[in-house]
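Trainee: I have the structure open on my screen. Could we go through why its features carry the labels they do?

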Amino acid sequence: MRKTALVSLVAALPLLATLPAQAATYKIDPAHTFATFEIDHFGASVNRGRFDKKSGTVEFDKAAKKGKVTLEIDAASINSGTPDFDKHLKTADFFNVEKHPTIRFVSDKFVYDGDKLKEVTGKLTLLGKTHPITFKANQFTCYPNPIAKTEACGGDFVAEIDRTQWGMDWGVSMGMPKKVRIVAQIEAFKQ
């Protein structure tokens, strides 16, 4: 009986080797993940800000070149470096953090060009509205992190949105642009 089971297992090994690798789950590391935005300020300068509190997960299957991302951002954690500007950004003129405390990005499509991650497409929920968004990948890699003692995957991504799609219209009538550049650096550790 044991010999039959062993023969069956050995016979099944080549079949098991052809099964696709399963996606691994990675937890976003808030210390190495940054969500920032940039918007032109009347052609004179560029206003920038970041969100200090973020969390999420990535499911990634390297062999299949597929993945899923869920990133949640605490809208009230906005930090422009200027307290008075932060107060204004938190109001209903912009992020309306009292009514919409969470900004959410969800993706289930990774687009590759050969072995290189080209973009991540998904949906951004902001101010209670959800619209598609595409983040272009400037760089992306996975590596054995010597400090966390596990695999880390991460990259640098950029997208441009029309903020008025989400109802963020303040200042447009005064000449402030609709276009906002979003820059995201994400690093996540395999669980």
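Mentor: Gladly! Let's begin with contact, which here means heavy atoms within 4.5 Å. Please keep in mind that this is a predicted model.

Trainee: What does Asn145 touch, not counting residues up to four places away in sequence?

Mentor: By that cut-off, Asn145 touches Thr150, Glu151, Ala152, Glu187 and Phe189, with residues up to four places away left out of the count. Asn145 itself is placed in strand β9.

Trainee: Why is Asn145 called buried?

Mentor: Buried means under 20% relative accessible area. Asn145 has a relative accessible area of 10%, so the label buried applies.

Trainee: What makes the link between the side chains of Asn145 and Tyr143 a polar contact?

Mentor: The distance limit is 3.5 Å between N or O atoms, and the side chains of Asn145 and Tyr143 are joined at 3.0 Å. There is also a polar atom of the Asn145 side chain that lies 2.9 Å from the backbone nitrogen of Ile147.

Trainee: Now the charged pairs. Why do Glu151 and Lys62 count as a salt bridge?

Mentor: A salt bridge needs a side-chain nitrogen of Lys or Arg within 4 Å of a carboxyl oxygen of Asp or Glu. For Glu151 and Lys62 the closest N and O atoms are 2.4 Å apart, so the pair qualifies as a salt bridge. Glu151 belongs to strand β10 (residues 150–162) and Lys62 to the loop between β4 and β5, so the pair ties together parts 89 residues apart in sequence.

Trainee: Are Glu151 and Lys62 buried or partly exposed?

Mentor: One of each label! Glu151, with a relative accessible area of 16%, is buried, while Lys62, at 44%, is partly exposed. Partly exposed runs between the 20% and 50% limits.

Trainee: How do you know that Arg48 and Glu38 form a salt bridge?

Mentor: Their side chains meet at 3.2 Å, N to O, so the 4 Å limit is satisfied. Arg48 sits in strand β3 (residues 45–51) and Glu38 in strand β2 (residues 34–41), so this pair ties together parts 10 residues apart in sequence. Arg48 is partly exposed at 47% relative accessibility, and Glu38 is buried at 18%.

Trainee: What about Glu119 and Lys136?

Mentor: Another salt bridge, with 2.8 Å from N to O. This pair links distant parts of the chain, with Glu119 in strand β8 and Lys136 in strand β9, 17 residues apart. Glu119 is buried at 13% relative accessibility, and Lys136 is partly exposed at 43%.

Trainee: Which residues are joined into one network by salt bridges that share partners?

Mentor: Glu38, Arg48 and Arg181. Altogether, the rule gives 7 salt bridges.

Trainee: What makes β4 and β5 a pair?

Mentor: Pairing takes at least two bridges, and β4 and β5 have 8, in the antiparallel sense. They form a hairpin with 4 residues between them, and Lys65 in the turn has a positive phi of about 55°. Strand β1 (residues 24–28) also pairs with β4 in the antiparallel sense, over 4 bridges. There, Thr25 has Glu59 in β4 as its bridge partner.

Trainee: Last one: why is Asp52 called partly exposed?

Mentor: Its relative accessibility is 33%, which falls between the 20% and 50% limits, so partly exposed is the right label. Asp52 lies in the loop between β3 and β4. Leaving aside neighbours within four places in sequence, Asp52 is in contact with Ser77 and Asn79.

Notes: Residues are numbered from 1 along each chain as its sequence is written. This is a predicted model: local features need pLDDT of at least 70, side-chain atom pairs count only at pLDDT 80 or more; totals for chains, interfaces and linings use all residues. Side-chain values use heavy atoms; hydrogens and water are left out. Helices (H or I, at least four residues) and strands (E, at least two) are DSSP runs, numbered from the N terminus. Buried means under 20% relative accessible area, exposed over 50%, partly exposed in between (1.4 Å probe, protein chains only). A polar contact is a pair of N or O atoms within 3.5 Å; within protein, one must be able to donate a hydrogen and the other to accept it, and residues adjacent in sequence count only if both atoms are side-chain atoms.
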